[in-house]
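Hi everyone, thanks for coming. I'd like to walk you through one protein today, starting with the whole thing and then stopping at a handful of residues. Have a look at it on the screen first.

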Amino acid sequence: MSVRVLICEDESLIRWSLRQKFVERGYDVTEAENGNAALERVDEGTFDLIMLDYRLPDMTGLDVLRQVRSIDQDVVVIMITAYSNIEDAVEAIKLGAYDYVSKPFQMDELMLTVDKALETTKLRREVRELRRHLQHEYGFDRIIGQSPSMQRLFEMLRSVARSSSSTVFLRGETGTGKDLCAGVIHYNSDRAPKPFMNITCTAISETLLESELFGHEKGAFTDARAQKKGLLELADGGTVFLDEVGDMPPVLQAKLLHFLENRRFRRVGGTQEISVDVRIIAATNRDIEKAIQEGQFREDLLYRLNVLPIYLPPLRERGDDVILLANAFAERFGREFKKPISRISEGAKARLRSHTWPGNVREMRNVMERAVLLCKGDVIEEADIVIGRADAPRTEEGSLASLNLPPGGIDFHQLENKLLRQALAQAQNNQTKAAKLLNLSRDTFRYRLEKHGLL
């Protein structure tokens, strides 16, 4: 798409000179000889760059700039004037001008400024588009459910999003969607324009986790060759999501408690306290009360985290939400794999309803992904619903009794997650070696890492 430029300049010779140069570059050029004409053009369409004279017949360039900013926040504006004045330049920059050039100007130097300005426009629009995408990805409609427990959850999430300062504690079994809910809270709050930082407390070692959260000073430890800002500092004004906080090491629990109490922290190896405005959303699938009794989690930290507790119900307690989710995943994977699915058979629905879903929504997602791949036509049949391992060892009677499974069953997703982590740790994060330890191909291993959010 051609670059669109608006030249707002009352001197016809300067307008002509700029037009010639921009047309040479293949830009789409629009002219305006006064402020009102320029504002009319901006109302009519979107521009990538505005060249704006400071002194116009009907108003000042600053007046035009103020109104342009209210119409289009992304377009970059370069001010032009024959009267170089520091106060005017400062005021223009405060109002959002990209730069300020004085007449007479060198065309080559001006074009360098234009190139940088257009790159800024591109980046601004990419960021805005990314934000729109994230707000769509984390919209309330992404959480599927009509059961009473889910309706209560929706109400709580909306209330929490409106109050963008309080600490939130998400609790629920593995796979219930705590990470999705954290994103929904952030992107539907006043903090949405600011960063959303996500960290899994069990994914990295204690030393690295402290550095990731709080940052470090140069020379704080071996290989700390430069100062590094942590996630809390980088997320200033936004949100930090601490997943699996129930497994955070005791030393870091103390530092997190200190931060939650006064919103201040020190980088590793630092002496200066840093103050930030960050909302903390923590999540765990662990029995925290039991962990406190066993001395593995601080009771005072629980009090600080538990300002706004939110419980995510397991799938087995959500009734016909099972079928709603199955239909949604079938439609999603049907589009992804270019295999349109018209419906799920009654036999397949009965099988989905009868399962207890220890892995919850995450397990459902995996089951439906497999079902769409196995489906021969446009209807998912009962045989396409493969839950657990299809090739599991069986007794002569065809049952799984010889495996000596515990009465409550096994959370297969959690078990797979632990095996992946153990393999990575044993192979010192060498993915090829870790894949061999599990007798998997490297591609299969990477696919499973991605599925578990370990990449």
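Let's begin with a word I'll use a lot: a residue is called buried when its relative accessible area is under 20%, exposed when that area is over 50%, and partly exposed in between. With that in hand, buried residues make up 45% of the 455 residues in this protein. And please keep in mind that what you see is a predicted model.

So, the overall picture. The protein has 18 helices and 14 strands. How spread out is the protein, next to a compact globule? The radius of gyration is 29 Å, while the globule rule gives 23 Å for 455 residues; the value is well over the rule, so the protein is more spread out than a compact globule. If you put a box around the C-alpha atoms along the principal axes, that box is roughly 95 × 60 × 45 Å.

What about the surface? About 24,300 Å² of the protein is accessible, and carbon and sulfur atoms account for 48% of that. On the charge side, there are 64 positive and 69 negative side chains. The centres of those two sets lie 4 Å apart.

Now, how does the chain meet itself? Take the contacts between residues at least 6 apart in sequence: 68% of them join residues at least 24 apart.

Next, cysteines. A disulfide is a covalent bond between the sulfur atoms of two cysteines. How many disulfides does a search of the whole structure find? Zero. Two cysteines to look at while we're here: Cys8 has a relative accessible area of 1%, so it is buried. Cys375 comes in at 3%, so that residue counts as buried as well.

On to the backbone. Most residues other than glycine have a negative phi, and most peptide bonds are trans. Let me show you a few places that go the other way. The peptide bond from Lys103 to Pro104 is cis, with omega near -10°. You'll find Pro104 in the loop between strand 5, residues 99-102, and helix 5, residues 107-137.

Then there's Lys338, which isn't a glycine but has a positive phi, near 55°. Lys338 sits in the loop between helix 13 and strand 13, and that strand covers 343-344. Is Lys338 buried or exposed? Its relative accessibility is 71%, and the cut-off for exposed is over 50%, so Lys338 counts as exposed.

Asn360 also has a positive phi, near 55°. This residue lies in helix 15, which runs over residues 360-374. Its relative accessibility is 0%, so Asn360 counts as buried.

Let's stay with helices and visit some residues one at a time. Phe445 is in helix 18, residues 442-451. With a relative accessible area of 0%, Phe445 is buried. Which residues does Phe445 contact, leaving aside its neighbours within four places in sequence? They are Leu420, Leu424, Gln431, Ala434, Ala435, Leu438 and Leu440. Take Ala435 from that list: Phe445 and Ala435 are 10 residues apart in sequence, and their C-alpha atoms are 5.6 Å apart in space.

Now find His413, in helix 16, residues 412-426. The relative accessible area of His413 is 9%, which is why we call it buried. Not counting residues up to four places away in sequence, His413 touches Thr174, Arg362, Asn366 and His452. Compare that with Ser102: 311 residues separate His413 and Ser102 along the chain, and their C-alpha atoms are 65 Å apart.

Ile93 is our next stop, in helix 4, residues 86-94. At 43% relative accessible area, Ile93 is partly exposed. Setting aside neighbours within four places in sequence, Ile93 is in contact with Tyr98 and Asp99. Asp321 lies 228 residues from Ile93 along the chain, with 53 Å between the C-alpha atoms.

Last one: Asn327, in helix 13, which spans residues 321-336. Its relative accessibility of 34% makes Asn327 partly exposed. Between Asn327 and Leu208 there are 41 Å, C-alpha to C-alpha, and the two are 119 residues apart in sequence.

That's my tour, so over to you for questions.

Methods
Residues are numbered from 1 along each chain as its sequence is written. This is a predicted model: local features need pLDDT of at least 70, side-chain atom pairs count only at pLDDT 80 or more; totals for chains, interfaces and linings use all residues. Side-chain values use heavy atoms; hydrogens and water are left out. Helices (H or I, at least four residues) and strands (E, at least two) are DSSP runs, numbered from the N terminus. The radius of gyration is taken over C-alpha atoms; the globule rule is 2.2 Å times the number of residues to the power 0.38. Buried means under 20% relative accessible area, exposed over 50%, partly exposed in between (1.4 Å probe, protein chains only). Contact means heavy atoms within 4.5 Å. Accessible areas come from the Shrake-Rupley method with a 1.4 Å probe; for residues, only the protein chains shown count as cover. Lys and Arg count as positive and Asp and Glu as negative; His and the chain ends are not counted. The place of a charge is taken as NZ of Lys, CZ of Arg, CG of Asp or CD of Glu. A disulfide is a pair of cysteine sulfur atoms within 2.5 Å.
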